Amino acid sequence: MAKRDIIVIGASAGGVYALKELVAGLPADFGASIFIVQHVSPHAPSLLPKILEHVGYLPVHHPEDGELVQPGHIYVAPPDHHLLIEYDQVIVKKGPKENRFRPSIDALFRSAAYRYGSRVIGVVLTGLLDDGTSGLWTVKRLGGLGIIQSPEDALYASMPRSVLEYVEVDHIVPMSEMAELLVELTQQPAPEQPVIEEEEASRLEAEINIAAQDNAFNMGILDMGALTPLTCPECNGSLVSIKEGKIIRYRCHTGHAFTASSLLAEVSKTVEENLWKSVKSLEETIILLEQSGKVLSEGNNETAQEYFAKAKETRKRSDFLRNFIFEQQKFDS
């Protein structure tokens, strides 16, 4: 009987410290395969494999696309690439971002759950917002185990707390106990995988293929959820809503995906950017009016005074809008 031998781990802010502690505690004969998504900058090389290999006993590396999965190895998602698992191969692709990230924790978890079912152990560690919540929900949906780092133990508790709100997890532990727990769980036989409806399975497979650079529009993603009046903040495409238990997610026809929280964060960012553009335009108007007034004051003082008056009124509007932005930032924080 197969054991729980596929471990998928997601971390964001503060994750390097947590991952170092976890990997350092795993024995050299650890038999499960581990896949890690740690949010990192897409524009710089990642030293995480070297860092983790230095503190532990297991081999760690950024995998190549199509590489065969081996037991006792740790695979770390390369910067700006999704890390997926399919038919005992590692898939490394630059599909559309999910929750504004590539690599995406949800994409990794989803692919592992779909291919390996109850053999999967999903682990969500420290981080901001909620990447990993939907993915861990899918892991549980298909018979796998769900683990989170104790929010009190996490440097940033948002990700594990989000999981707690939407997913019935199996274990909540501090990092000091995580390695020992994984060793114990990987010795257990994997139970029979639950059967899900064909429609749900098809949508799940489509979302995995989207992350692997397949064409979301041609696969009919717009028919896999309820069409909304919202648009994608990445590409302005139409968004459909997808329901997973208590979770509401959104995906556009080009493939970008968002949870409600990440969509709100991106929309708020767009609103702020547009407001600052308005401030810029108002201040450019002030500059133009004042410069024109100075020129006109030499020969047409009445018109010049009109320009100065308009500049003064525009400055009031600019100051009001600037103060409004600062108040909005307090509300969003």
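**A surface patch, a sheet and two cysteines**

Tyr-17, Leu-128, Leu-129, Leu-155 and Tyr-156 make a nonpolar surface patch of about 530 Å². Keep in mind as we go that the model is predicted. One member of the patch, Leu-155, sits in the loop between strand S9 (145-149) and helix H5 (158-166). Leu-155 has a relative accessibility of 56%, so it counts as exposed, the cut-off for that class being over 50%.

Let's move along the chain to an open sheet of 4 strands, ordered S11-S12-S13-S14 and paired antiparallel. Strand S11 (226-231) and strand S14 (257-259) form its edges; each has a single partner strand, so one side of each lacks a neighbour in the sheet. On average, and ignoring direction, neighbouring strands here are turned by 35° against each other. In general, the strands of a sheet pair through backbone hydrogen bonds. Within this sheet, S12 (residues 238-244) and S13 (residues 247-252) run antiparallel and are joined by 6 bridges. If you would like a place to look, Val-240 stands opposite Arg-251 in S13.

Now for the cysteines. Why do Cys-235 and Cys-252 not form a bond? The sulfur of Cys-235 has its closest cysteine sulfur in Cys-252, 3.7 Å away, which is too far for a bond, because a disulfide needs the two sulfur atoms within 2.5 Å. Seen from the other side, Cys-252 likewise has Cys-235 as the holder of its closest cysteine sulfur, at 3.7 Å. By this rule the structure has a count of 0 disulfides. As for their surroundings, Cys-235 is partly exposed at 31% relative accessibility, whereas Cys-252 is buried, with a relative accessible area of 0%.

Definitions and conventions:
Residues numbered from 1 in each chain as written. Predicted model: local features only at pLDDT ≥ 70, side-chain atom pairs only at ≥ 80, totals over all residues. Heavy atoms only, no water. Pairing = 2+ DSSP bridges. Axes fitted to C-alpha atoms, helices over the stretch in contact; angles between N-to-C directions. Patch = residues over 30% accessible without salt bridge, like charges linked within 9 Å, V, L, I, M, F, W, Y side chains within 5 Å. Areas by Shrake-Rupley, 256 points an atom, 1.4 Å probe, with all protein chains shown as cover. Salt bridge = Lys/Arg side-chain N within 4 Å of Asp/Glu carboxyl O. Buried < 20%, exposed > 50% of the residue type's maximum accessible area, 1.4 Å probe, protein only.
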